[in-house]
Amino acid sequence: MTDDAVPAAGLSGTALPPIRTPRLVIRPLGDDDRDASRAVLDPDDEAAFRRWFTWAVAAPPALAELLQPPFGERAVILAESDELIGLVGLVPSLGPFAQLEGAPAGGPWTLEPGLYWALSRGHRGHGYATEAAAALCRELFTVLNPVRLIAMTEHTNLASQAVMRRLGMRMLENPHPEPAWLQVVGILDSAPGDAR
């Protein structure tokens, strides 16, 4: 593709700008966010964390340059203190979603745009995950116009399930024991309102 063949929206058509809510700023990760991201994720494998972090910082501009969806995590920042308190993002989710009762029809395994969120322990229970995820969803529905967004979690992760409900997701449970990571799935068909 030549430069003059790039759509009028240019690279900004696939890159997400910083997103602001009354309490938060959701922005791309930068090199200075390594320690705060480590504190949020509390990784067991430091080498894997370093590989992930390098990718998480490099991916958004590279994907925008390639006119690809804005996959990857973004920093969740408290607006009043500029403190990184969590991560939220869009990830490609591949799974046997058709086996879920009430799920959209599809092949045995389908690819869906999936949501991801994580907060540091000291900032959970204040509605930040819902606020960040709702703001990201609104932006994604505006920029990408997806058919739907999904989120997945375990039966025991009641906090994530509560975020899914506050976002207005339809909640589906896997009636089968496998795969173990596909226990509860939330499906969002349109942008949420001002969820908190």
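Reader: In this predicted model, how are helices H1 and H2 oriented to each other, roughly parallel, roughly perpendicular or oblique?
Author: Helix H1 (residues 34-41) packs against helix H2 (residues 46-65) at an angle of about 125°, and their axes lie 11 Å apart. Angles from 65 to 115 degrees count as roughly perpendicular and angles over 145 as roughly antiparallel. The angle of about 125° falls in neither class, and H1 and H2 are therefore oblique.

Reader: Which residues of H2 does H1 meet, and how do the residues of this contact divide by type?
Author: From H1, the residues Arg 34, Ser 37, Arg 38 and Leu 41 take part, and they meet Glu 46, Phe 49, Arg 50, Trp 52 and Phe 53 in H2. Sorted by type, the residues of the contact of H1 with H2 come to 4 nonpolar, 1 polar and 4 charged.

Reader: Which residue in the loop between H1 and H2 has a positive phi, and is that residue buried or exposed?
Author: The loop between H1 and H2 holds Asp 42, whose phi is positive, about 45°, although Asp 42 is not a glycine. A residue is called exposed when its relative accessible area is over 50%. Because its relative accessibility is 57%, Asp 42 counts as exposed.

Reader: What is the relative accessible area of Leu 67, in the loop between H2 and strand S3?
Author: Leu 67, which lies in the loop between H2 and strand S3 (72-78), also has a positive phi, near 55°, in a residue other than glycine. Leu 67 is partly exposed, and its relative accessible area is 27%.

Reader: Why is strand S8 described as largely enclosed by the rest of the structure?
Author: Val 184, Gly 186 and Leu 188 point one way from S8, while Val 185 and Ile 187 point the other way, and all are buried. In general, the side chains of a regular strand alternate between the two faces of the sheet. S8 is largely enclosed because the buried residues number 5 of the 5.

Reader: Which residue of S8 stands opposite Ile 150?
Author: Strand S6 (residues 149-153) is itself largely enclosed, because 4 of its 5 residues are buried. S6 and S8 (residues 184-188) run antiparallel and are joined by 5 bridges. In S8, the residue opposite Ile 150 is Ile 187.

Reader: Which residue stands opposite Ile 187 where S7 and S8 pair?
Author: Strand S7 (residues 170-173) pairs with S8 in the antiparallel sense, over 4 bridges. Opposite Ile 187 in S8 stands Arg 170.

Reader: Which two residues does a cis peptide bond join?
Author: One of the two is found in the loop between S7 and S8, namely Pro 179. The cis bond has an omega of about -10°, and the residues joined are Glu 178 and Pro 179.

Note on methods. Residues are numbered from 1 along each chain as its sequence is written. This is a predicted model: local features need pLDDT of at least 70, side-chain atom pairs count only at pLDDT 80 or more; totals for chains, interfaces and linings use all residues. Side-chain values use heavy atoms; hydrogens and water are left out. Buried means under 20% relative accessible area, exposed over 50%, partly exposed in between (1.4 Å probe, protein chains only). Two strands pair if DSSP finds at least two bridges between them. Axes are lines fitted to C-alpha atoms, for helices over the stretch in contact, and angles run from 0 to 180 degrees between N-to-C directions. Angles under 35 degrees count as roughly parallel, over 145 as roughly antiparallel, 65 to 115 as roughly perpendicular and the rest as oblique. Contact means heavy atoms within 4.5 Å. Ala, Val, Leu, Ile, Met, Phe, Trp, Tyr, Cys and Pro count as nonpolar, Asp, Glu, Lys and Arg as charged, and the others, Gly among them, as polar.
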